[in-house]
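User: I'd like to learn how to read a predicted model with you. Could we start with confidence and work our way to the core?

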Amino acid sequence: MTVFKVKMAMLAAGALVALNAMAQAPAVKIDTPWARATVPGQKGTGAFMTLTAQQSLRLVGVASPVAGVAEIHEMKMEGDVMRMRAIAALDLPAGKSVALRPGGYHLMLMDLKQPLVKDTQVPVTLRFADAQGKTSEMQLSLPIALTAPAGAPKAAAGHGAHKHH
Ligand SMILES: [Cu+2]
């Protein structure tokens with residue numbers, strides 16, 4: 001019974017991932033993370049997830065050992081053309097779910113050093129800043145897939161597949 005309880009507690013802790021060793025490291029819940037698989041020669045791809053911060057934070061950076069360059073991107077209409085561009089930070093209001101999804105905000109992995117193979121995983125580090133500017137990091141292992149996993153937020157409406165670099 002005790003063993004069972006401990007296991008349940010570990011599962012609960014696992015849902016709130018915060019690898020920063022500091023005592024009051026801000027926790028961010030990550031749901032349905034995934035990165036889109038690439039074909040050989042493809043140099044860039046998107047990564048997606050839903051983030052829910054316990055306290056107000058900003059996502060201020062992303063990195064991956066397989067990507068020479070990793071950025072936070074937004075999609076914006078320029079005239080009648082949908083374009084993506086890098087943004088310095090993405091607000092994560094306390095308790096509010098923020099979706100990174102195809103056609104919307106996403107993480108952009110560029111200058112890939114290897115193809116992202118379906119059904120494997122890619123390590124990604126997210127960097128957050130709190131209201132005081134204190135930063136913390138979270139390490140994730142994103143499943144690589146061709147399409148969004150079940151339960152992931154739908155692609156932003158009205159825009160088909162957009163071209164990455
Ligand atoms: Cu992009």
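User: What is the mean pLDDT of the protein?

Analyst: pLDDT is the predictor's confidence in each residue, from 0 to 100. Here the mean is 85, and 79% of the residues reach 70 or more. Over residues 1-26 the pLDDT is below 50, although this stretch has 24 contacts in the model beyond near neighbours in sequence; a contact means that two C-beta atoms, placed from the backbone, lie within 7 Å. Where pLDDT is low, the predicted coordinates should not be read in detail. This is a predicted model, where local features need pLDDT of at least 70, side-chain atom pairs count only at pLDDT 80 or more, and totals for chains, interfaces and linings use all residues. Residues are numbered from 1 along each chain as its sequence is written.

User: Which elements make up the secondary structure of the protein?

Analyst: Elements are DSSP runs numbered from the N terminus: helices are H or I with at least four residues, strands are E with at least two. This protein has one helix and 11 strands, and the order from the N terminus is α-β-β-β-β-β-β-β-β-β-β-β.

User: How does strand 2 pair with strand 3, parallel or antiparallel?

Analyst: Two strands pair if DSSP finds at least two bridges between them. Strand 2 (residues 28-36) and strand 3 (residues 45-53) are antiparallel, with six bridges. Strand 2 also runs parallel to strand 11 (residues 135-145), joined by two bridges. Alanine 35 is a good place to look: its bridge partner in strand 3 is alanine 47, and in strand 11 it stands opposite isoleucine 144.

User: Which residues have the most contacts inside the largest nonpolar core?

Analyst: A nonpolar core is a set of buried Ala, Val, Leu, Ile, Met, Phe, Trp, Tyr and Cys residues joined through C-beta atoms within 7 Å. The largest one has 30 residues, and Val28, Ala35, Ala47, Leu107, Leu109, Val124 and Leu142 have the most contacts inside it. Strand 3 gives the most, with five residues. Outside its neighbours within four places in sequence, alanine 47 contacts Ala35, His106, Leu107, Leu109, Val124 and Leu142.

User: Why does alanine 70 count as buried?

Analyst: A residue is buried if 20 or more other C-beta atoms, placed from the backbone, lie within 10 Å of its own, exposed if 12 or fewer, and partly exposed in between. Alanine 70 counts as buried because it has 23 C-beta neighbours inside 10 Å. This residue sits in strand 5. Alanine 70 and leucine 109 are 39 residues apart in sequence, yet 4.6 Å apart in space, C-alpha to C-alpha.
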